[in-house]
Amino acid sequence: MKPLKRVLVTGGCGQIAYNLLFRIASGEMLGYDQPIALHILDVESMKDILQGVVYELEDCIYPLLKEIKYGSNPYEVFKDVDIALLVGAKPRGPGMERKDLLLENAKIFEQMGKALNKEANKNVKVLVVGNPCNTNALICMKNAPDICKKNFFAMTRLDQNRAKYQIAKKVNADVKNVKNLAVWGNHSTTMVPDFTNALINEDNLLTVIKDGEWLKTSFMQLIQKRGAEIIQKRQKSSAASAANAIIDTIKSLYNKEGEWFSLAVHSGKNTYGIDEDLIFSFPCISDGSGNFEIINDVKLNDFIYDKIKLSENELLEEKNSICHLL
Ligand code: NAD
Ligand code: LMR
């Protein structure tokens with residue numbers, strides 16, 4: 001048996017967590033030979049609900065679930081965690097943009113960063129899901145100066161999954177055969193699903209889908225607005241698909257899949273001329289042990305690059321609006 005991995009989920013009483021915790025505990029995320037300790041945080045007012053979730057986890061008698069630690073004090077719950085899935089935050093409602101949540105949620109991620117810095121394993125990998133996730137991840141990273149910047153991520157995998165599905169549906173292909181479909185930038189309506197470098201059954205997408213107008217307008221907008229559309233229909237934000245994308249992200253980081261995946265990471269010095277201090281979604285590849293590299297030689301045409309720059313501008317504006325927390 002491998003050594004225990006400690007996985008933290010915040011927002012443990014929320015709808016994403018309810019779709020996520022049981023899948024992690026079953027072994028689906030880290031493998032069926034990986035013993036797990038779950039650390040679960042929610043606010044004090046959710047104490048009874050959290051207790052109920054923990055009872056249910058116990059009653060599943062998952063063989064890999066060796067320990068459950070839970071509560072409302074991040075300094076107790078975050079002790080020694082190896083993977084932190086920061087879900088706990090307010091979701092948006094109908095008619096809102098994700099950045100409307102910024103002022104309300106930003107404080108949470110300042111606190112999460114400070115507590116991770118003090119209590120977590122120094123090599124902890126931190127995936128921020130709570131919106132607006134890119135800027136929240138930046139706040140978290142800045143408040144955790146002892147943890148490597150490369151260990152902070154924000155989730156854009158749901159956007160990639162959405163984009164892959166729509167392309168596969170358009171040409172009646174298997175979703176597995178749509179590859180290199182990376183989403184760039186912010187997890188917002190400015191996100192850029194780059195269809196120009198995608199492959200369908202190893203052929204460049206543009207040689208298979210000739211309808212450029214559909215790609216540039218209907219397809220892109222569908223992906224950019226999918227989250228809002230789900231909120232409009234369900235009156236709640238996506239949850240099962242979000243949990244699924246969290247699992248996909250961690251699997252991509254901890255397995256050598258050899259395939260690009262979208263992940264918002266610290267931009268650092270990058271070959272695309274993106275500001276060096278943002279959490280920005282790029283196509284990435286992993287070494288299978290939780291570490292990644294940005295794919296640094298993707299050719300971007302003017303249409304895609306201009307859109308990527310718009311998303312960068314939006315992130316710079318978001319950063320500017322919370323600079324007091326950095
Ligand atoms: P939810 O309202 O169902 O649950 C959120 C939970 O977080 C609640 O139980 C709440 O009590 C808890 N919480 C609030 N503040 C907390 C704190 N300081 N510490 C710990 N827990 C805290 O919301 P949800 O549907 O699970 O969504 C959670 C977040 O994820 C939202 O911000 C949503 O917009 C975001 N989201 C992101 C993506 C993505 O692709 N990045 C996808 C879906 C949802
Ligand atoms: C999503 O993309 O479904 C989430 O970010 C929730 C939202 O607010 O759209």
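Q: How do the residues of the shell around ligand 1 divide into nonpolar, polar and charged?
A: This is a predicted model, in which local features need pLDDT of at least 70, side-chain atom pairs count only at pLDDT 80 or more, and totals for chains, interfaces and linings use all residues, while side-chain values use heavy atoms and leave out hydrogens and water. Residues are numbered from 1 along each chain as its sequence is written, chains are lettered from A, and ligands are numbered from 1 in the order in which they are written. Here Ala, Val, Leu, Ile, Met, Phe, Trp, Tyr, Cys and Pro count as nonpolar, Asp, Glu, Lys and Arg as charged, and the others, Gly among them, as polar. For ligand 1, the split is 14 nonpolar, 9 polar and 2 charged.

Q: How many residues surround ligand 1?
A: A residue makes the list if one of its heavy atoms lies within 4 Å of the molecule. The closest ones are Gln-15, Asp-42, Lys-90, Val-129 and Asn-131. The full count is 25.

Q: Why does ligand 1 lie between two domains, and which are they?
A: The domain bounds come from an automatic or database domain assignment. Ligand 1 lies between the two domains because both give residues to its shell, and they are domain 1 (5-154) and domain 2 (157-325).

Q: Which residue has a side-chain N or O atom 3.3 Å from an oxygen atom of ligand 1?
A: Polar contacts here are pairs of N or O atoms within 3.5 Å (within protein, one must be able to donate a hydrogen and the other to accept it, and residues adjacent in sequence count only if both atoms are side-chain atoms). Backbone atoms join in too: a polar one of Gly-14 is 3.4 Å from an oxygen atom of ligand 1, and a polar one of Met-155 is 3.4 Å from a nitrogen atom of ligand 1. The side chain you're after belongs to His-187.

Q: Which residue has a side-chain N or O atom 2.6 Å from an oxygen atom of ligand 2?
A: Asn-131 has a polar side-chain atom 2.8 Å from an oxygen atom of ligand 2, and Arg-162 also has a side-chain N or O atom 2.8 Å from a ligand 2 oxygen. The 2.6 Å pair involves His-187.

Q: Which helices each supply at least two residues of the shell around ligand 2?
A: Helices (H or I, at least four residues) and strands (E, at least two) are DSSP runs, numbered from the N terminus. The shell includes Leu-158, Arg-162, Gly-227 and Ile-231, and it draws at least three residues from each of domain 1 (5-154) and domain 2 (157-325). The helices are helix 6 (157-171) and helix 8 (212-234).

Q: Is the peptide bond from Asn-131 to Pro-132 cis or trans?
A: Pro-132 lies in the loop between strand 5 (125-128) and helix 5 (133-142). With omega near -5°, the bond from Asn-131 to Pro-132 is cis.
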